[in-house]
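Got the viewer open? Let's take a walk through this one together, picking a spot, looking around and moving on.

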Amino acid sequence: MVRQQSFPPPQRLLLGPGPSMVHPRVLQAMSTPLVGHLDPAFLTIMEENKRLLRWLFGTANEITIPISGTGSAGMETSLVNLLEPGDEAIVCVKGLFGQRMAEVARRCGAQVKEVQAPWGRIVDAADVRTALRGCRKPKVLAVVHAETSTGVLQPLADLATLAREHEALFVVDTVTSLGGHPVRVDDWGIDVAYSGTQKCLSAPPGLAPVTVSPAALSVIHQRRQPVQSWYLDVSLLSQYWGTERVYHHTAPISMNYALLEALRLIEAEGLEARWQRHKRNHEALAAGLNALGIEFASQEGHRLWTLNCIGVPEGVDETGVRRALLDEFGIEIGAGLGPFKGRTWRIGLMGESSTAANVLAVLSALECVLPRFGFRVEAGIAVAAAQRVLAQAKD
Ligand SMILES: *Cc1c(COP(=O)(O)O)cnc(C)c1O
């Protein structure tokens, strides 16, 4: 038996829940020479990253910076800076990442009230209203916009209104929506939003863009005690990312190059065009899956364009299919999590991964593999259905 070499790694088509495919220009940017983290050239790159992130988030927030760390570091930054022991926080939980937000908030010492929805469904704004009314003084209302564990897109308008009415800060996880779905921080009244580089921004994992509104900033400045995390303390970080340029920690230089190049690619494509691309490719994939008789696990009308969470057909070996896609076609798709483990697959179409060619490739590979696992497929039926959607979109 020939042992597969692990490094250099194999070429994969990344169609899972992240990381997504990275454009060659972004990989190239990472291999360019290092400069110091206070070099005037690097300061220019930092300013450019802040400007492009503000544009991407749809915000004028001064504090709009990439945190050193993955998406979870963005989550942690958002919550540790706002919450102090005893504060009341409402966290919407409809999947794994909502659960994680609630856990982080509890570790801040906050009194956390979870507003739950079944996996695969959105959280009901009426339930959030009830929870807010039961609070003395809710400080934070937190929600995941694009729940990657279930493929659900949470509507934010009603929740934003509720947060405003109860004078709670509105914190939104946009890890799987930013760069794939519309996100408009200022128009929608979001106080703190965070994301990650390896989902719809199509850079490697390693930075977490975060934006903080002036209202949230003034709450941070009025804290009774220092933020428990020195590393993620926004007040300290803003002295490095602001005009003072005070050393805090060594910025991950190459990752900031990667982010800049990824943001430039997004700017060149344009946001509207990018959202339309994600929508069209999701619709093509959905048509193909529908032709196969494979159903979505996420609520109709609230499905992500960026992550397709679908049911594993009855009797089919969930891991066997994923393994065959990986070994024979080099295609990675994701497994289910939590209560969806063993019952769902997650096909990501994020950023550079969201192309017509990739939709056709994964459907074609599924048509090849599924019959071997006892699931009958009429050859070509899924690819043809996707092609029809793609052809219509071209007209
Ligand atoms: C991926 C993800 C995270 C966590 O990001 P990491 O980069 O894995 O730390 C948080 N929230 C959502 C919705 C995600 O999809």
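Start by selecting Glu-167, in the loop between helix H6 (157-165) and strand S8 (169-173). Keep in mind as you go that this is a predicted model. Glu-167 isn't a glycine, yet its phi is positive, at about 55 degrees. Is Glu-167 buried or exposed? Its relative accessibility is 71%, so Glu-167 counts as exposed.

Now hop over to Ser-202, in the loop between strand S9 (192-194) and strand S10 (207-212). Here too you have a residue that is not a glycine but has a positive phi of about 55 degrees. The surroundings tell another story: with 3% relative accessibility, Ser-202 counts as buried.

While we're on backbone oddities, head for the beginning of the chain. Select Phe-7 and Pro-8 and look at the bond between them: this peptide bond is cis, with omega at about 0 degrees. Pro-8 sits in the segment before strand S1 (13-14). Then pick Gly-18 and Pro-19, which are also joined by a cis peptide bond, with omega at about 5 degrees. You'll find Pro-19 in the loop between S1 and helix H1 (24-30).

Next stop, the ligand. Show the residues around it, and you should get 13 of them; those that come nearest are Thr-70, Ser-72, Thr-148, Asp-173 and Lys-199. What kinds of residues make up this shell? By class, there are 6 polar, 4 nonpolar and 3 charged residues.

Zoom in on the ligand's oxygen atoms for some contacts:

- Ser-72 brings a polar side-chain atom to 2.6 Å from a ligand oxygen.
- Lys-199 has a side-chain N or O atom 2.7 Å from an oxygen atom of the ligand.
- Gly-71 takes part through its backbone, with a polar atom there 2.9 Å from a ligand oxygen.

How much of the ligand does the protein cover? On its own the ligand would expose 380 Å², and the protein buries 90% of that. To see which elements give two or more residues to the shell, color helix H3 (71-82) and helix H4 (96-107).

Let's move on to strands. Select strand S3 (residues 88-93): 6 of its 6 residues are buried, so the strand is largely enclosed by the rest of the structure. Turn on the side chains and you'll see Glu-88, Ile-90 and Cys-92 pointing one way, with Ala-89, Val-91 and Val-93 pointing the other. Add S4 to the selection, and you have a parallel pair joined over 6 bridges. One place to look is Glu-88, whose bridge partner in S4 is Gln-111.

For another sheet, select S11, S14 and S13. These 3 strands make an open, antiparallel sheet in the order S11-S14-S13. Which strands stand at the edges? Strand S11 (307-311) and S13 do: each has a single partner strand, so one side of each is left without a neighbour in the sheet.

Follow the S11 to S14 pairing, which is antiparallel and has 5 bridges. Along it, Leu-307 stands opposite Gly-348, and Cys-309 has Arg-346 as its bridge partner. S11 is mostly covered, with 4 of its 5 residues buried. The pairing of S13 with S14 is also antiparallel, over 2 bridges, and here Ala-335 is opposite Trp-345.

Stay with S14 for a moment and rotate it. Both of its faces are covered: Thr-344, Arg-346 and Gly-348 are buried on one side, and Trp-345 and Ile-347 are buried on the other.

Last stop: the aromatic rings. A search of the whole structure turns up 2 aromatic pairs. Select Trp-119 and Phe-340 to see an edge-to-face pair, 5.5 Å centre to centre with 70 degrees between the planes. Trp-119 is in the loop between strand S4 (111-116) and helix H5 (125-133), while Phe-340 is in the loop between strand S13 (334-335) and strand S14 (344-348), so the pair ties together parts that are 221 residues apart in sequence. Both Trp-119 and Phe-340 are buried.

Finish with Tyr-240 and Trp-241. They form an edge-to-face pair too, 5.9 Å centre to centre and 75 degrees between the planes. Both Tyr-240 and Trp-241 are buried.

Note on methods:
Residues are numbered from 1 along each chain as its sequence is written. This is a predicted model: local features need pLDDT of at least 70, side-chain atom pairs count only at pLDDT 80 or more; totals for chains, interfaces and linings use all residues. Side-chain values use heavy atoms; hydrogens and water are left out. Rings of Phe, Tyr and Trp (its six-membered ring) pair if their centres lie within 6.5 Å; planes under 30 degrees apart count as stacked, over 60 as edge-to-face and the rest as tilted. Buried means under 20% relative accessible area, exposed over 50%, partly exposed in between (1.4 Å probe, protein chains only). A residue is near a molecule or strand if one of its heavy atoms lies within 4 Å of it. A polar contact is a pair of N or O atoms within 3.5 Å; within protein, one must be able to donate a hydrogen and the other to accept it, and residues adjacent in sequence count only if both atoms are side-chain atoms. Accessible areas come from the Shrake-Rupley method with a 1.4 Å probe; for residues, only the protein chains shown count as cover. Ala, Val, Leu, Ile, Met, Phe, Trp, Tyr, Cys and Pro count as nonpolar, Asp, Glu, Lys and Arg as charged, and the others, Gly among them, as polar. Two strands pair if DSSP finds at least two bridges between them.
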